[in-house]
Amino acid sequence: MTHPIPTAVPATLRAGDTATWRRTLSDYPASDGWTLAYVLVKPSKQIAFSATADGCSHLVEVATGTTIAWPPGTYTWQERVSQAGKTYTTATGSLNILPSFAAATLGIDAR
């Protein structure tokens, strides 16, 4: 069974889950050489990752082995495109990263 790929940054993500979404930015198509990157920040933590080209769209796929190390909390994120020395912010928002049950070897307070 194939699940549709979301087209926006999720509001919540559990650490240890694969983070996947596709962004289609008509003014900044991947097929024209635009690259898409994200930065997530909260006090004392920054997470950065990039999308890959998927035709005209940009596909974000962050592996389980990467997200499992992301500390839980509420992050502010910024989405930016770049090409030939030009960079533009295309969206901002917030993302709540939930703790990984798999990484909680000493238990977890899941209230």
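Start by selecting A84: this residue is exposed, with a relative accessible area of 76%. A84 sits in the loop between β7 and β8. Bear in mind as you look around that the model is predicted.

**Stop 1: the turn at A84**

Colour A84 and check its backbone: phi is positive, about 50°, although A84 is not a glycine. Most residues other than glycine have a negative phi. Now add the strands on either side. β7 and β8 form a hairpin with 2 residues between them, and A84 belongs to that turn. The two strands run antiparallel and are joined by 11 bridges. To see one of the pairs, select V81 and then Y88, its bridge partner in β8.

**Stop 2: the whole chain**

Zoom out for a moment. How many helices and strands does the protein chain have? The secondary structure comes to 1 helix and 8 strands. Followed along the sequence, the pattern reads β-β-β-β-β-β-α-β-β. The C-alpha atoms fill a box of roughly 50 × 40 × 20 Å along the principal axes.

Switch on a surface next. The protein chain exposes about 6700 Å², and carbon and sulfur atoms supply 53% of that area. Of its 111 residues, 30% count as buried. If you colour by charge, you will find 8 positive and 7 negative side chains, with the centres of the two sets 9 Å apart. Contacts are worth a look too: among those with a separation of 6 or more, 60% are between residues 24 or more positions apart.

**Stop 3: a second hairpin, at S44**

Select residues 35-42 and 45-50, which are strands β3 and β4. These strands run antiparallel, with 6 bridges joining them. Pick V41 and you can find its bridge partner, Q46, in β4. β3 and β4 form a hairpin with 2 residues between them.

Is S44, in the loop between β3 and β4, buried or exposed? S44 counts as exposed, because its relative accessibility is 82% and the cut-off for exposed is over 50%. S44 also has a positive phi of about 65°, although it is not a glycine.

**Stop 4: from β3 across to β7**

Keep β3 selected and bring back β7. This pair is antiparallel as well, with 7 bridges. A37 is a good place to click, as its bridge partner in β7 is R80.

**Stop 5: β2 and its two faces**

Select residues 19-23, which make up β2, and show the side chains. Which residues point to which face? A19, W21 and R23 point to one face and are buried, while T20 and R22 point to the other and are not. Add β6, residues 57-62, and you have another antiparallel pair, this time over 5 bridges. R22 has L59 as its bridge partner in β6.

**Stop 6: the nonpolar core**

Now turn to the inside. In soluble globular proteins, nonpolar side chains tend to be buried together. The largest nonpolar core here has 22 residues, and Y38, L40, F49 and I97 have the most contacts inside it. β2, β3, β4, β6, β7 and β8 each supply at least two residues of this core.

Select I97 and show what surrounds it. Leaving out residues up to four places away in sequence, I97 touches L13, A15, L40, I47, W70, P71, P72, G73 and Y75.

**Stop 7: two alanines in loops**

One of the residues touching I97 is A15, so select that one next. A15 is found in the loop between β1 and β2. A15 counts as buried, at 4% relative accessibility. Its contacts, not counting residues up to four places away in sequence, are with T67, I68, W70, I97, L98, P99 and S100. Try a distance as well: the C-alpha atoms of A15 and G73 are separated by 10 Å, with their positions 58 residues apart along the chain.

For the last selection, choose A69, in the loop between α1 (64-67) and β7. A69 is exposed, with a relative accessible area of 57%. The C-alpha atoms of A69 and T7, 62 residues apart along the chain, are separated by 24 Å.

Notes: Residues numbered from 1 in each chain as written. Predicted model: local features only at pLDDT ≥ 70, side-chain atom pairs only at ≥ 80, totals over all residues. Heavy atoms only, no water. Pairing = 2+ DSSP bridges. Helix = DSSP H or I, 4+ residues; strand = E, 2+ residues; numbered from the N terminus. Buried < 20%, exposed > 50% of the residue type's maximum accessible area, 1.4 Å probe, protein only. Contact = heavy atoms within 4.5 Å. Areas by Shrake-Rupley, 256 points an atom, 1.4 Å probe, with all protein chains shown as cover. Lys, Arg positive; Asp, Glu negative; His and termini not counted. Charge placed at Lys NZ, Arg CZ, Asp CG, Glu CD. Core = buried A, V, L, I, M, F, W, Y, C linked by side-chain atoms within 4.5 Å.
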